[in-house]
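Take a look at the structure below before reading on. It helps to keep it in view while we go through its parts.

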Amino acid sequence: MNAVAAESKTEISTDGYGDYDFIVVSNRLPVDRVADNGSEGGDKWRRSPGGLVTALAPVMAKADGAWVGWHGAPDETLEPFDHDNMHLRPVPLSASEVELYYEGFSNATLWPLYHDVIAPPEFHRTWWDSYRTVNRRFAEAAAEVAAEGATVWVQDYQLQLVPQMLRKARPDLKIGFFNHIPFPPLEIFAQLPWRRDIIAGLLGADLIGFQRPSDTANFLRCVRRFAGHSVRQQQVHITDDEGNSYVSRAEAFPISIDVDQITELAHREDIIERSKQIRRELGNPKVILLGVDRLDYTKGISHRLKAYGELLEDGRISVEDAALIQVASPSRERVEQYRLLREEVEGTVGRINGTYDTMSNTAIRYLHHSYPVEEMVALYLASDVMLVTALRDGMNLVAKEYVAARTENTGALVLSEFAGAADQLRQAVLVNPHDIDRLKDAIVSAIQMQPREAQRRMRLMRRQVLQNDVERWSQNFLNALRLEGEAQ
């Protein structure tokens, strides 16, 4: 049934306080529905994979936490339920809202705009209206479950209006927001017709987190230009319509991975054996290169394939000695741009393989699938060179996973300077993926790197990743949010 009611376009309503001291608000709940063919009836759920859930689940258990998000099925209303020490508050979305708020404004307006307009963003008022309506519904759900003085942590670009809506309805709350994707420069953000609304929405948070210092600087520049607030030392001094004054702080908190999980899997005998099997299946080439991406135009897959094809054409590498594994997990396949990208990538792979394959060797093993983390770690162990050539990326956790998996300090990482991970993994072979000639040189440099130099670089990168895991990221943010709240 469609249980989505029409909300007021003014302030959200609240009826007192809820029961939970720590609330996470994200587009999706941290669980996936599992088909149940048994006789018990009722829905079955399992925890979703991913670092955010891993990082916050212990906090949930300790702090009497609740998670607010959509459960993944349109036109369906679910009652709140508990799972794995978490109280889950599903937010209903209609099929129309999935199309307008999620596929439309979130992923065809904000996503390309925030990723340097690699693809042209679309600006539609109906999409914006739906985005505002859905954000209000998420804010209402969070306000309903939050205890007096609770901490609410809002996640990502789909929910940028929620902080201000929550502040107006529940000024007692400590509100944090984290933006997992880049924040664009002022000159690009200026294109957004609703730029002031987005800035005002974010400034409802006591603490706004970004992946990189450059993202923070971009945001504060936009605050000065479009909101006119005073900004001093990353603090925005705000006086609201009722004359109440408060401070909103913006700061970089680079996200990381579940290091323990990756390193534990990298030591498992069955996964080590699987990595050896992968090499055998490819004909035991001298070097295996690996790309792992969601099939998205921001990931630079086409640039990577162009560079690799030219290296084969130039004779700088040979199909007998080198093989590239490209994992491209499915993404937004109903969207025309993504369908065209898939056709382009698969056409390029086909041309390169058709030209250079032999009966015994394949130039590129292309895999349009999603894989469990166990298989991903086996691929990391099997590969000598990891290629991360994103044209723009908030962080890119695959780069950090590869580094964490290389427990013997072997292997090399070719990393785009436009990925947030480049700020922490400075010992990677850093590259501008738009420069195909330099990208080719970087790939060859990684292949030919002397073992001692490769070990030196990997040791330093592993130290950085191991010391800054996803749990430390969440602790750093929440500690800073607590201190920010105490200072006001």
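What follows is a short tour of a sheet, some enclosed elements and two helix contacts.

Before we start, keep in mind that this is a predicted model, where local features need pLDDT of at least 70, side-chain atom pairs count only at pLDDT 80 or more, and totals for chains, interfaces and linings use all residues. Residues are numbered from 1 along each chain as its sequence is written, and side-chain values use heavy atoms, with hydrogens and water left out. As for the element names, helices (H or I, at least four residues) and strands (E, at least two) are DSSP runs numbered from the N terminus.

**The open sheet**

Let's begin with the ten-stranded sheet, which is open and has mixed pairing. Its strands come in the order 5-6-4-1-7-8-9-12-11-10. Two strands count as paired if DSSP finds at least two bridges between them. Strand 5 (81-83) and strand 10 (230-232) sit at the edges with a single partner strand each, so one side of each has no neighbour in the sheet. Going from one strand to the next, the twist averages 25°.

At the strand 10 edge, three bridges join strand 10 to strand 11 (residues 235-239), and the two run antiparallel. Here R232 stands opposite Q235 of strand 11.

Strand 11 is also home to I238. With a relative accessible area of 5%, I238 is buried (buried means under 20% relative accessible area, exposed over 50%, and partly exposed in between, using a 1.4 Å probe and protein chains only). Leaving out residues up to four places away in sequence, I238 touches L203, H229, N244, S245, Y246 and S248, where contact means heavy atoms within 4.5 Å. I238 and G204 are 34 residues apart along the chain, and their C-alpha atoms are separated by 9.4 Å.

**Enclosed strands and a helix**

Now for some elements that are largely enclosed by the rest of the structure. Strand 13 (287-294) has seven of its eight residues buried, so it is one of these. Strand 13 pairs with strand 14 (322-329) in the parallel sense over eight bridges, and V287 stands opposite A322 of strand 14.

In the loop between helix 9 and strand 13 you'll find G283. At 44% relative accessibility, G283 counts as partly exposed. The C-alpha atoms of G283 and A323 are separated by 9.2 Å, with their positions 40 residues apart along the chain.

Strand 17 (residues 412-416) has five of its five residues buried, so the rest of the structure largely encloses it. Both of its faces are covered: A412, V414 and S416 are buried on one side, L413 and L415 on the other. Four bridges join strand 17 to strand 16, and the two run parallel. One bridge partner pair is L387 with V414 in strand 17.

Helix 12 (residues 373-382) is largely enclosed too, because seven of its ten residues are buried. Those buried residues are E375, M376, V377, A378, L379, Y380 and A382. What covers them includes helix 8 (259-266), helix 9 (269-281), strand 13, strand 14, strand 16 (385-388) and helix 13.

**Two helix contacts**

Two packed helices are described by the angle between their axes and the distance between the axes. The axes are lines fitted to C-alpha atoms, for helices over the stretch in contact, and angles run from 0 to 180 degrees between N-to-C directions. Here are the two pairs.

| Helices | Axes come within | Crossing angle |
|---|---|---|
| Helix 13 (residues 397-405) and helix 15 (residues 451-467) | 9 Å | roughly 110° |
| Helix 3 (residues 125-145) and helix 4 (residues 162-169) | 9 Å | roughly 45° |

Helix 3 is therefore oblique to helix 4, while helix 13 and helix 15 are roughly perpendicular to each other. The cut-offs are under 35 degrees for roughly parallel, over 145 for roughly antiparallel, 65 to 115 for roughly perpendicular, and oblique for the rest.

Helix 13 passes helix 15 in a left-handed crossing. That contact is made by K400, Y402, V403 and A404 of helix 13 and M458, M461, R462 and V465 of helix 15. Its residues divide into six nonpolar, no polar and two charged.

The crossing of helix 3 and helix 4 is right-handed. On the helix 3 side, R132, N135, R136, F138, A139, A142 and A143 meet V162, M165 and L166 of helix 4. This contact's residues divide into seven nonpolar, one polar and two charged.

Two terms remain to be spelled out. A crossing is left-handed if the near helix is turned anticlockwise from the far one by less than a right angle, and right-handed if clockwise. Ala, Val, Leu, Ile, Met, Phe, Trp, Tyr, Cys and Pro count as nonpolar, Asp, Glu, Lys and Arg as charged, and the others, Gly among them, as polar.
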